[in-house]
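Here's a protein model to wander through together. Have a look at the fold first, and then we'll zoom in on some of its rings.

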Amino acid sequence: LAYQDFAESSLGKWGRRWSMVTSTGDLIVYTFIALVLEAESFHVLFPIAWPWFGQDGCGMKWWSLFLSSSTVIYAFVDLAILAQFASRVGPLVCLSMVFLAWLGSFQELEQLSDFPESCRGSAETPFWTWWPTDVGSLASDVASIASYAMFCFAVVVTVPSVQSTMQEPKQLGSASTRAYLLSSIVFLSIMGLQYAGSGNLGPENIIEGMRSERPSGWWAMARPWETGTSTMVSKLFAIVVTSNLLLIDATYVPCAVIALETIAGEAVEQGGWPARVSIRLGLVVLRFAVATGVSSFIALSSFTSSLFCVSNNILIPILAFYATVG
């Protein structure tokens, strides 16, 4: 049972179309986010100093270009065996990422002693804050946090499929509660450790902050925690994250192609192989263009959450409930 079937059974044809568009959009933007993170991780492992059309410090854009070759392969070649492999090693990979995130954050916390307390911030830009300092931006800050949280826990679309395959479908509620609780504890522990060490000066990607051999006076630089050389922990973390994302791509990219072809419907049938090739190449080009044009994966996460995840995980389920029970 797919999520679109659930939407159609509750809301009719328009519910199916709505859920199909939002689910496909969410899926496609996720592939954009994955490529951004893959490029960042590869740049940690193998930094590129080549200029990008006259711009310096754009090694991640080069990696976005090189890694687009994997998008081509996943879009045109059936690699179902990789998807099966990813499902088997997934738990081990997740545990490895959590352990490395904790270890790297502890190492960064130890380096905080080298950061003079008098230089850690000011009244206007404090090192740590427990609440937004600008009251005028409070609404937007809360909305941004909520949208990112929605992205992290946006799994309602998987409920119909998961429940239909469970031996005891009634246990889904309690199992979901335990999973949410465990995930929240892990996320908050990583966030707390990272924030305790780098405060408001830390990078979006925690891998970028796991460095050593920082230059003299590093704490006075514009992006202090991104100075120095990558530690062994950061490189291992980058390898695990990249491997995980590339394995996940083996599922998400083909699913995105299938979803686009489903939405196109008769146009694909009438267009034949040129139409199918065009959809695949279009996804490859669009993914590359977004990854080189938007460097913040958090901005992309907030975008897809606001535009698609809210519909899939809040609006459609609420409307389906009231449409069913009257």
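## A walk through the fold

Let's begin with the building blocks: the protein chain has 11 helices and two strands. Keep in mind as you look around that this is a predicted model. Follow the protein chain along its sequence and you get the pattern α-α-α-α-α-α-α-α-β-β-α-α-α. How compact is the protein chain for its length? Its radius of gyration is 22 Å, close to the 20 Å that the globule rule gives for 326 residues, so the chain is as compact as a globular protein of that length.

If you'd like to picture the outer dimensions, the C-alpha atoms fill a box of roughly 65 × 45 × 40 Å along the principal axes. Of the 326 residues in the protein chain, 40% are buried. The contacts are worth a look too: take those between residues at least 6 apart in sequence, and 73% of them join residues at least 24 apart.

Now for the outside. The protein chain exposes about 17900 Å², and carbon and sulfur atoms supply 68% of that area. As for charges, there are 15 positive and 23 negative ones, and the mean positions of these two groups are 8 Å apart.

Time to zoom in on the rings. How many aromatic pairs does the structure hold? There are 19 aromatic pairs. One of them joins W62 and F66, a tilted pair at 6.2 Å centre to centre, with 35° between the planes. Why are W62 and F66 separated by about one helical turn? Both belong to helix α3 (residues 59–76), and they're about one turn apart because they sit four residues apart in that helix. F66 is partly exposed, with a relative accessible area of 33%.

Another pair brings together F115 and W225, and this one is stacked: 6.1 Å centre to centre, 25° between the planes. Where do these two rings come from? F115 lies in the loop between α4 (80–110) and α5 (138–152), while W225 lies in the loop between β1 (211–212) and β2 (229–230), so the pair ties together parts that are 110 residues apart in sequence. And are F115 and W225 buried or exposed? Both of them are buried.

To finish, go back to W62 and F66, which belong to a cluster linked by ring pairs. The other members of that cluster are F42, F46, W50, W52, F53, W63 and F288.

Definitions and conventions:
Residues are numbered from 1 along each chain as its sequence is written. This is a predicted model: local features need pLDDT of at least 70, side-chain atom pairs count only at pLDDT 80 or more; totals for chains, interfaces and linings use all residues. Side-chain values use heavy atoms; hydrogens and water are left out. The radius of gyration is taken over C-alpha atoms; the globule rule is 2.2 Å times the number of residues to the power 0.38. Buried means under 20% relative accessible area, exposed over 50%, partly exposed in between (1.4 Å probe, protein chains only). Contact means heavy atoms within 4.5 Å. Accessible areas come from the Shrake-Rupley method with a 1.4 Å probe; for residues, only the protein chains shown count as cover. Lys and Arg count as positive and Asp and Glu as negative; His and the chain ends are not counted. The place of a charge is taken as NZ of Lys, CZ of Arg, CG of Asp or CD of Glu. Rings of Phe, Tyr and Trp (its six-membered ring) pair if their centres lie within 6.5 Å; planes under 30 degrees apart count as stacked, over 60 as edge-to-face and the rest as tilted.
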